[in-house]
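Biologist: Could you take me through one part of this model up close, starting with a sheet and then going on to whatever else you find worth a look? Plain bench talk is fine.

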Amino acid sequence: MAREFKDSGIEWIGQIPKEWKVSRIKTIFSERTELSENGDETLLSVSEYYGVANRKEKIEDGDFVSRAESLVGYKKCYKGDLVSNIMLAWKGSLGVTDIDGIVSPAYCVYQPSKEVFPHYYHYLFRTSLFTSIFRLYSKGIIDSRLRLYSPFFFAISTLIPPFSEQQKIADYLDKVCGEVDEMVALQETMIEELKAYKQSVIRETITKGLGSNVFMKKSGSLWIGDFPNTWKLTRMGDVGEYKKGPFGSAITLDMFVPKGEKTIKVYEQQNAIKKDWTLGYYYISEDYFNSNLKSFEVLPNDLIVSCAGTIGEVYQLPQGIERGIINQALMRMRINDTIHLSYFLYVFDLILKGEAERSSNGTAIKNIPPFSVLKKILIPLPPFSEQQEISSYLDEKCSEIDSLIALKLAKIEELKEYKKSVIYEYVTGKKEVV
């Protein structure tokens, strides 16, 4: 028999199942303000991506569990409590904790009533239906200052299905979302395997060439190994010139001037990352350029490389660019005619990904190395015509691999959208767990 619906009385909620109720959040949650006396409890983090979790399990290698000197005074929360990062609740940064612990004093902790099966609300409050309302009720002038304080959170109306149905919905979504997450993880694993395969193809081709019956000779380099005896070894410094942008003190805010007839553009990280020379709006005077920064000028066909944050994005400046210089977050490379551009970029990418050794002891390069190191790195150099053949082969092969990766990424997005739609349909009662 078809499910019966009724008007919820709340415009943004709309129709709800006949057996369900609508009431303000304050009727089913109360604020918990208990504070840690010794700071020894498990520190939890709250995220729009995963909800609430043990912070130790979510931090990146080398990051701190907490930068606070002491966790005394942090808010205590217990299994089943709803924890909200009030600054990002409008983005879905809230959820129900599965373990006891403590959270930042800036967060809010809410204890569920006996009418609540907590995990139902973990799903409900993270839907776009509720995050959009959380944004509406948050206070602040701009997004970065929005705060969903408890009185406003409590004033929001919410769905209240019968307790048994809350549990059925949550259990069903745990199962379905778990299956979807496993499929997403499988796609992500395949993407990493494809990326690794792509790197191995590039490395093998760059160091061994395309021929199958080629005499090899020892390179003396850990990352190259044996290489074709018709090739040469050369140093990076012999195929190009490399220039790091000036130190920050060489370009300060008071040196910038409005764009005019006699001004010089300051190219930034975003130009390399987004492959667009027109971006940016910083300029210096031509006089200051001539007296202090002329050596940092960029010309058409120069390669600029991002050196901070997003490392190693390379962009070749086209004809017709504005006269300009690189800033401290960029490196300029000018390669000579002994090496094919595409071949050089494949080699350079391998070096940045740690294939080449930083020094004779084989320590891997994790960032763009100092010029004293970069210039000394040995690279294999085939005859120019063979460089072109290798580049053409790798362009085609890498394009095929990238297409497969794109398909996997599209599948991940499809699975994530499916997961969102399933959650929405069941927590709002549009579909019933049978």
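Modeller: Let's start with strand β8, residues 82-84, which is joined to β11 by 3 bridges, the two running antiparallel. One pair to look for there is Leu 82, which sits opposite Tyr 110 of β11. Keep in mind that this is a predicted model.

Now go across to β4. This strand is tied to β11 (residues 108-112) by 4 bridges, and the pair is antiparallel. You can pick out the partners by name: Ser 30 faces Gln 111 in β11, while Arg 32 has Val 109 of β11 as its bridge partner.

Put these pairings together and you get an open sheet of 4 strands, in the order β4-β11-β8-β9, with antiparallel pairing. Which strands stand at the edges? They are β4 (29-32) and β9 (94-96); each has a single partner strand, so one side of each has no neighbour in the sheet. On average, neighbouring strands here are turned by 25° against each other, if you ignore direction. As background, strands in a sheet pair through backbone hydrogen bonds, and they can do so parallel or antiparallel.

From the sheet, let's move to the helices. A pair of packed helices is described by the distance between their axes and the angle between them. Take helix α4 (residues 163-208) and helix α10 (residues 384-427): their axes come within 10 Å and cross at roughly 170°. α4 and α10 are therefore roughly antiparallel to each other, the cut-off for that label being an angle over 145 degrees. As for what makes up the contact between α4 and α10, its residues divide into 30 nonpolar, 2 polar and 9 charged.

α10 has another helix to look at, α8 (residues 341-352). Here the axes come within 8 Å and cross at roughly 65°, and α8 passes α10 in a left-handed crossing. On the α8 side the contact is made by Ser 342, Tyr 343 and Tyr 346; on the α10 side, by Gln 387, Ile 390, Ser 391, Leu 394, Asp 395 and Cys 398. Sorted by type, the residues of this α8 and α10 contact come to 5 nonpolar, 3 polar and 1 charged.

Next, follow the chain to Leu 210, in the loop between α4 and β13 (216-218). Leaving out residues up to four places away in sequence, Leu 210 touches Thr 205, Glu 389, Ile 390 and Tyr 393. Ile 390 is also one of the α10 residues in the contact with α8. Is Leu 210 buried, exposed or partly exposed? It counts as partly exposed, because its relative accessibility is 40%. If you want a sense of distance, try Ser 157: its C-alpha atom is separated from that of Leu 210 by 67 Å, and the two residues are 53 apart along the chain.

Last, a couple of loop residues with backbone angles to check on your screen. Lys 275 has a positive phi of about 55°, although it is not a glycine. You'll find Lys 275 in the loop between α6 (269-273) and β18 (283-285), and with 35% relative accessibility it counts as partly exposed. Asn 301 also has a positive phi, near 80°, in a residue other than glycine. Asn 301 lies in the loop between β19 (297-298) and β20 (303-306). With a relative accessible area of 46%, Asn 301 is partly exposed.

Terms used:
Residues are numbered from 1 along each chain as its sequence is written. This is a predicted model: local features need pLDDT of at least 70, side-chain atom pairs count only at pLDDT 80 or more; totals for chains, interfaces and linings use all residues. Side-chain values use heavy atoms; hydrogens and water are left out. Two strands pair if DSSP finds at least two bridges between them. Axes are lines fitted to C-alpha atoms, for helices over the stretch in contact, and angles run from 0 to 180 degrees between N-to-C directions. Angles under 35 degrees count as roughly parallel, over 145 as roughly antiparallel, 65 to 115 as roughly perpendicular and the rest as oblique. Ala, Val, Leu, Ile, Met, Phe, Trp, Tyr, Cys and Pro count as nonpolar, Asp, Glu, Lys and Arg as charged, and the others, Gly among them, as polar. A crossing is left-handed if the near helix is turned anticlockwise from the far one by less than a right angle, and right-handed if clockwise. Contact means heavy atoms within 4.5 Å. Buried means under 20% relative accessible area, exposed over 50%, partly exposed in between (1.4 Å probe, protein chains only).
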